[in-house]
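Hi,

Here is the structure I promised to pass on. Have a look, and then read my notes underneath.

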Amino acid sequence: MEFPSTLKGKVAFVTGSTRGIGWATARKFAQHGATVILHGQSSAETVEQRAAELRAEFSVECIGLVSDVSDGASVKRCYAEIFKQYRRLDVLVNNAGILQDALLGMIPEAVMRRTLEVNTLGPMFHVQEASRLMNRNGGGSIVNISSIIGRFGNAGESVYATSKAAILGLTLAAAKELAPRNIRVNAVAPGFIRTDLTSHLSPEVYAERVNSIKMKRVGEPDEVANVILFLASDLSSYVTGQILGVDGGMLV
């Protein structure tokens, strides 16, 4: 079976890529010819199983790495391995993230710290390391995954909103700093997407969320992956410092 070659010859690293938007993105990249580096937080077995799936389905090179995105030393080890294996990195997708709802006045400090460590500090670590490696090879594309909540907020999600709003600031600042090195930095802000993060909602809340979407349906991970593919590829070669909403016209 013939697959498109939009990313042929590119090495792409997708954090949090064993499920949801990250997995859809990794599959999309493999389908378009990239060498894909998968990432998981804890289970080497799960990451390797996913890597084997991509190798079998798309006949591309694929490896898996396990690290805690909030641990700077752990992140550095990932990039040391990428350099050892490929001597280059063309695409980074900062996707790994967590969400725990809690109302103001009842948010445990541990939840605040862990959410900010994973959702904000983690992407900053990755942008630093990825930009160093990309700079060696004349450029690249970084795609940060924010959220519609990071743009507009939502009751009960102040910590998550804070962590994802910070990603927008990181994107805008890094885009300005890295543009002279031909490293593009953009962000995607998904709305209500069918993933594990939304599966815990009650039927009433789920219906309420869907009703707030002008297109009157939930988004699919593959629809977000299509936008990430555009930003990762040379199709967006003159696009940097942009925030692309993928939300079906959702109102928050």
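Below is what turned up on one pocket and on the cysteines.

First, the ground rules: this is a predicted model, where local features need pLDDT of at least 70 and side-chain atom pairs count only at pLDDT 80 or more, while totals for chains, interfaces and linings use all residues. Residues are numbered from 1 along each chain as its sequence is written, and side-chain values use heavy atoms, with hydrogens and water left out.

The pocket: 14 residues line the second largest one, and Lys 10, Gly 139, Gly 140, Asn 182 and Asp 234 lie nearest its centre. (A pocket is an open set of points on a 1 Å grid over the protein atoms alone where a 1.4 Å probe fits, with protein on both sides within 12 Å along at least five of seven lines; lining residues have an atom within 4 Å of a point.) Its lining has 7 polar, 5 charged and 2 nonpolar residues, with Gly counted as polar and Asp, Glu, Lys and Arg as charged.

Asp 234 belongs to the loop between helix H8 (221–232) and strand S7 (243–246); helices (H or I, at least four residues) and strands (E, at least two) are DSSP runs. Asp 234 counts as exposed because its relative accessibility is 53% (exposed is over 50%, buried under 20%, partly exposed in between, with a 1.4 Å probe and protein chains only).

Now the cysteines: the structure holds 0 disulfides, meaning pairs of cysteine sulfur atoms within 2.5 Å. For Cys 62, the nearest cysteine sulfur is that of Cys 78, 14 Å away, which is too far for a bond. Cys 62 is buried at 3% relative accessibility, and Cys 78 is buried at 4%.

Cheers
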